[in-house]
Amino acid sequence: MSGQIPDVVERFMRYVQIDSQSDPEHDDVTPSTPRQHEMARYLGEELKSLGCADVTVDEHAYVTGTLPASKGAEDAPALMLCSHLDSVIDAPAAGIKPHIVHYEGGNLVAGVVGGEKVETTPEQVPDLEKFVGMDIVCSDGTTLLSADDKAGVAEICALLKRLSDDPALKHPTLKIAFVPDEEIGHGAALLDLEKLGAAYGYTVDGEALGEFNYECFTASQADITITGVMVHPGSAKDVMVNAITVASEFQQMVPAFERPEHTEGREGFYHPISIEGSASEVRLSYIIRDFDAGIFDRREQTLRDIAAFLNKRYGEDTVHIEIRQQYRNMAEKFKGYEFLIDDALAANREVGIEPNPVPARGGTDGAQLTFRGLPCPNIATGGYNAHSIREFIPVPSMELTVDLLVTLVAKFADRASRQR
């Protein structure tokens, strides 16, 4: 791109070059990977350089800090801004080489790998037509870009830079939190909310500019263990129970058109995510998702009913099912905090973004925080194709997100002055 790289983009391109993937195979420890500590230490130094006080980088790779309120807003309740510092494991994320493409239309080419273009077509992302003539940050096509969620981290840090440089910009006390392991469902679980001291907050972890989430899936994971009865196959008649066969029957009994590949919008699903084992034993896992609490409960019961049916057919101890809750729809908890939604939508409009409230077909740290007592909707970062080597983010979208955050935090300073 011509001219000086905007502060938010410069920060983002630095942050993505630090490998900080989380790992679901090690979710018994936090962080799940040692490399997240490096990212946490780096961000701790960033917060100190941006004027934050009480900066802490703890043993679990949680980074927190406080930007004192602007003059006149000292009595306003503290507002938290949160992003996650880990990257997903769905694609390579070591050695990310971000670069800026000036997009002139057609397919957006991130890079050429093995003689083949790694590209996104307008058919895949119709919003591409909005970005003709703009600069877009991509990886080189061999890795994630890690805009999910280092774009959010960079946008929060760029906000702090603007506020520190211009004392005239109004804002309440800001509590900053960068958390590990969000991509494996852990996220803000160990964030000490009492010590943090925020009254409410926002996560900055969405996708397309303008998207805003105050609803999300209610979610659980079902782990099924199928125990077979093994004998020599030559004498198996009426004796053998093949665990693979039973697992296949289990999957066939799950409603076929209620899987992710057949759903959209507010439709929930059952999603088989792993299977392993042998004829003696098979372990099968599903994630269950829905926005409606009643339908969600029925989904869980459907899996229990399938297990009961198969146990009646093959024997009482053949199928064991364990269901554990992961998170709930945060929309259940915003009564009395509607201003968090109203102010965010107004701030979008004031900086020229048409807000698009959409239910998040996934979870956010905000859902977990909301149910822990810290109401926390989710703001978009401007990125696309998350969890993919085709991930990208337009430069103007990142700059507008920082403008949005500047406008939003000013509203919380103004709200306090109006209430005095």
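**Sheets and helix packing in the predicted model**

Strand β9 pairs with strand β16 (residues 378–379) in the parallel sense, and two bridges link them. In this pairing, Thr203 stands opposite Asn378 of β16. The description that follows rests on a predicted model.

Strand β9 also has strand β3 (residues 79–84) as a partner: the two run parallel and are joined by four bridges. Here Leu79 is placed opposite Tyr200 of β9. Strand β9 itself spans residues 200–204 and is mostly covered, with five of its five residues buried. The covering applies to both faces, since Tyr200, Tyr202 and Val204 are buried on one side, and Gly201 and Thr203 are buried on the other.

These pairings belong to an open sheet of eight strands, in which the order is β1-β2-β8-β3-β9-β16-β10-β15 and the pairing is mixed. The edges of this sheet are formed by β1 (53–57) and β15 (356–357); each has a single partner strand, so one side of each is left without a neighbour in the sheet. For β1, strand β2 (residues 63–67) is a partner in the antiparallel sense, over three bridges. Within that pair, Val57 has Val63 of β2 as its bridge partner.

Two helices are packed on the eight-stranded sheet. Helix α3 (residues 147–165) packs on the sheet and touches β2, β3, β8 (174–179) and β9. The direction of α3 makes about 145 degrees with that of β3. Helix α7 (residues 338–350) also packs on the sheet, where β9, β10 (211–213) and β15 are touched. The direction of α7 makes about 45 degrees with that of β9. Strand β9 is thus touched by α3 and by α7.

A further open sheet consists of three strands in the order β4-β7-β17, with antiparallel pairing. Its edge strands are β4 (99–102) and β17 (392–394), each of which pairs on one side only. From one strand to the next, the twist averages 30 degrees. Strand β4 runs antiparallel to strand β7 (residues 135–138), and four bridges join the two. In this pair, His102 stands opposite Asp135 of β7.

Packing between helices was examined for two pairs. Helix α1 (residues 7–15) packs with helix α2 (residues 35–49) at an angle of about 155 degrees, and their axes lie 12 Å apart. Because angles over 145 degrees count as roughly antiparallel, α1 is roughly antiparallel to α2. The crossing of α1 past α2 is right-handed. In the contact, Arg11, Arg14 and Tyr15 of α1 meet Met39, Tyr42, Leu43 and Glu46 of α2. By character, the residues of this contact comprise four nonpolar, no polar and three charged.

In the second pair, helix α5 (residues 243–253) and helix α6 (residues 293–314) pack at an angle of about 140 degrees, with 10 Å between their axes. This angle makes α5 oblique to α6. The crossing of α5 past α6 is right-handed. The residues of α5 in the contact are Val246, Glu249, Phe250 and Met253, which meet Leu303, Ile306, Ala307, Phe309, Leu310, Arg313 and Tyr314 of α6. The contact of α5 with α6 divides into nine nonpolar residues, no polar residues and two charged residues.

Note on methods
Residues numbered from 1 in each chain as written. Predicted model: local features only at pLDDT ≥ 70, side-chain atom pairs only at ≥ 80, totals over all residues. Heavy atoms only, no water. Buried < 20%, exposed > 50% of the residue type's maximum accessible area, 1.4 Å probe, protein only. Pairing = 2+ DSSP bridges. Axes fitted to C-alpha atoms, helices over the stretch in contact; angles between N-to-C directions. Parallel < 35°, antiparallel > 145°, perpendicular 65-115°, else oblique. Left-handed = near helix turned anticlockwise from the far one by under 90°. Contact = heavy atoms within 4.5 Å. Nonpolar A, V, L, I, M, F, W, Y, C, P; charged D, E, K, R; others polar.
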